[in-house]
Amino acid sequence: MQSRTKQVYTTCRYCESCCGLAVEVDVQDNRVVRIKADKANPGSWRDICNKGLTAHEVVEHPQRLRFPMKRVGDGYVRVSYEEAVEGVAADLRRIMDEHGPDAIGSYIGNPVGFGSDIIFALGLIDGIGTKSRYSASSLDQNNQHVVSEALFGYTFVPFSPDVDGCDYLLLIGGNPATSKFGWLGSATDGWNRMVERQKRGAKIVVVDPRRTRSAEDADQHLTIEPGTDWAFLLGALTVVLREGLEDAEAVAKLPADHVARLRALVEPLNLESLSAWTGIPASTVEDVARGYARAQGAMCLTMTGVSQNDTGTLAQWLSTVLDVITGHFDRPGGRRWDPGFVNMTDFATRSLSKDGLSRVRGLKTVMGCRSVCELPDEIDTPGEGQVRALIIQAGNPVVAGPDGAALDRSLASLECLVVVDLVQRESHRHAHWLIPAPHWLEREELPFNLANAQDRSFLQYANRAVEPPPDVQPEWRFFTDVALAMGVPMLGRRGFNAAIRVSRWLAKTLRRPGLEIGPALLERIAVTASKRASYESIKEAPHGVAHHEKRFGQLAEFRKGAPILLAPEALCDALAKKLSESPNGSTAFPFVMTGSRSLHLMNSWLTELPNVQKREQENRCEIHPYDAAELGISNGDCVEVRSEVAAIELPAEVTDRVRPGIVCIAHGWGSRVFSPADGAEPIVYGVNRNLLVDNRSLDPFSGTPKLNSTRVAVTRVA
């Protein structure tokens, strides 16, 4: 008798860790029975988190989009897939013909980055030829890309932490004990491995305004004023250069004018003045700098808490400078680069769009995209290039980005809003077209776009666990079909559409689906071109394939020995300007709001899932007991948190996890999930704290808003 269940090995694609999963499937009912960690996976099984283990709850979401829908009046009607493709193509083609390609915008959210569909989403945009491109990267990681471009000449350079050789970890603005040990580059089970290293003598120093789980595990926790990480790092750099703690071999490889520029920067500095910014004593900065410089293997990791400030690029730059001049960069125990199975650093450089400055604010494009903070202005400001249509793929910028009320008003004015997602969220409430997407449990693919973001070069084929609903087509097919219907060249390459049609005819005629131009064919080409493994060998290995053991110094080899341009004039000038400012706060808004994340959430989604609601029903405003007493606030009281932009109300949590003068409110809550099929009341949990963040006070280099350093006032609500 045939078994009713089967075991499917796949990978979680919620983040760059790509943890291995063993999925038990009821074959007859096409239903996930249980998800477990794949213990045969060589690296990730100890690092599995609740998001991956409960991924089937998203597949079974009662409000899930299960067929295409079109807005009619105040509601939605069901349409066929073919009607949706023709309707979307007609709307976009009309707007493009009347107003030009830049009138069509695109926003891509985080979930797309961990699958092959992103190539086809970008392929449609390339075909249209629009410069109006936006992505979630401008909300959390653009500072890394800006610094990589300036210092190394490549925009996408993922560095993985060598935790197994690290003797001194300086962790700033990250909490890997709760989330994951990685950001762009990752190390599976990295925090536990680092703690084991700590037991053998390694030192962990955490710099964070909040006492996180990681801070509790650390040897030393330094509570810093949010948004002043640059001043702490500059202080450490000053100590290293003044006391001759730099690595002579590393410094000798740097351009002499850049080294001179660095020395000139730190020469007049006063450590006490820098401490006035951070709240960390100068003597402590000196101790950290000396210990870090003298360690055998060390790394300075500046993570999300650092990036989400208007000085995030300066801090990322200074952390890289500290790594390089102390000789820890791309060496054992430090951050390292690996080309992996597919060199995405090279691929991104060749394929990303570069179009200069944005239309309204004149900000630079990063990673081929503009800052989402600019999107309301680009929609509202008349003139050539005004955004009149927008395609949102797996994104929720109204909640994930700053001042969502302003963006919501702008989205309401669009002539066409196309949404491709699993459910209709806050950013989608004005959508004209709702296109259902398959969950990654319903896809099979080789996520090669993260192939060089692991601490050990590793790649695993992600098998499909269950079939998607009958009317849910792959996202890549939707974008391809729209490009064909619009008559724009997919991937921006003339003749490519004809090749797609021929491949479809051959696949159908010969009954060989693999002949169709789709993700599988591009995955095969990418892996074959790398000459590091065969596509078949990877696909046939249920628990993944490792390429080689760790190697160091490969970035220098890839760059053919080009020197690191460590002190770009633009960054030096911006730092000098910052030093001329005063560290004093605001009397009208005496608190600084910082953020936190939960292991159960993925940015601005998953809050509505049952497993999350069992653990966390809402987000709260964490406030120190001293501040709470001054304001007459008790635990659980409703408080109003107000900024120059907006005000929100939520419960208070009185705790000494935060230092006085700081409040902490978790990011990602407050998104409604609608039910367009029947018009039922939307689901919503928690409050959107990003409503308080100004969309104009940005990092001038990365376009990232002050999600972690917005000044606010707090009052008790009677």
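**Exercise 1.** Determine which residues Leu170 touches, not counting residues up to four places away in sequence.

*Solution.* Contact means heavy atoms within 4.5 Å. By this criterion, Leu170 touches Val205, Val207, Phe232, Val288, Tyr292, Met299, Cys300, Leu301 and Leu322.

The model is predicted: local features need pLDDT of at least 70, and side-chain atom pairs count only at pLDDT 80 or more, whereas totals for chains, interfaces and linings use all residues. Residues are numbered from 1 along each chain as its sequence is written, and side-chain values use heavy atoms, with hydrogens and water left out.

**Exercise 2.** Describe the largest nonpolar core and identify the helix that gives the most to it.

*Solution.* A nonpolar core is a set of buried Ala, Val, Leu, Ile, Met, Phe, Trp, Tyr and Cys residues joined through side-chain atoms within 4.5 Å; buried means under 20% relative accessible area (1.4 Å probe, protein chains only). The largest such core has 64 residues, and Leu170, Phe232 and Trp317 have the most contacts inside it. Helix H8 (residues 229-242) gives the most to this core, with 10 residues. Helices are DSSP runs of H or I with at least four residues, and strands are E runs of at least two, numbered from the N terminus.

**Exercise 3.** State how strand S24 (residues 647-654) pairs with strands S22 and S23.

*Solution.* Two strands pair if DSSP finds at least two bridges between them. First, S22 (residues 621-623) runs parallel to S24, joined by 3 bridges; Ile623 stands opposite Val654. Next, S23 (residues 638-642) pairs with S24 in the antiparallel sense over 5 bridges, and Cys638 has Pro651 as its bridge partner. Finally, S23 and S24 form a hairpin with 4 residues between them.

How values were computed
Buried means under 20% relative accessible area, exposed over 50%, partly exposed in between (1.4 Å probe, protein chains only).
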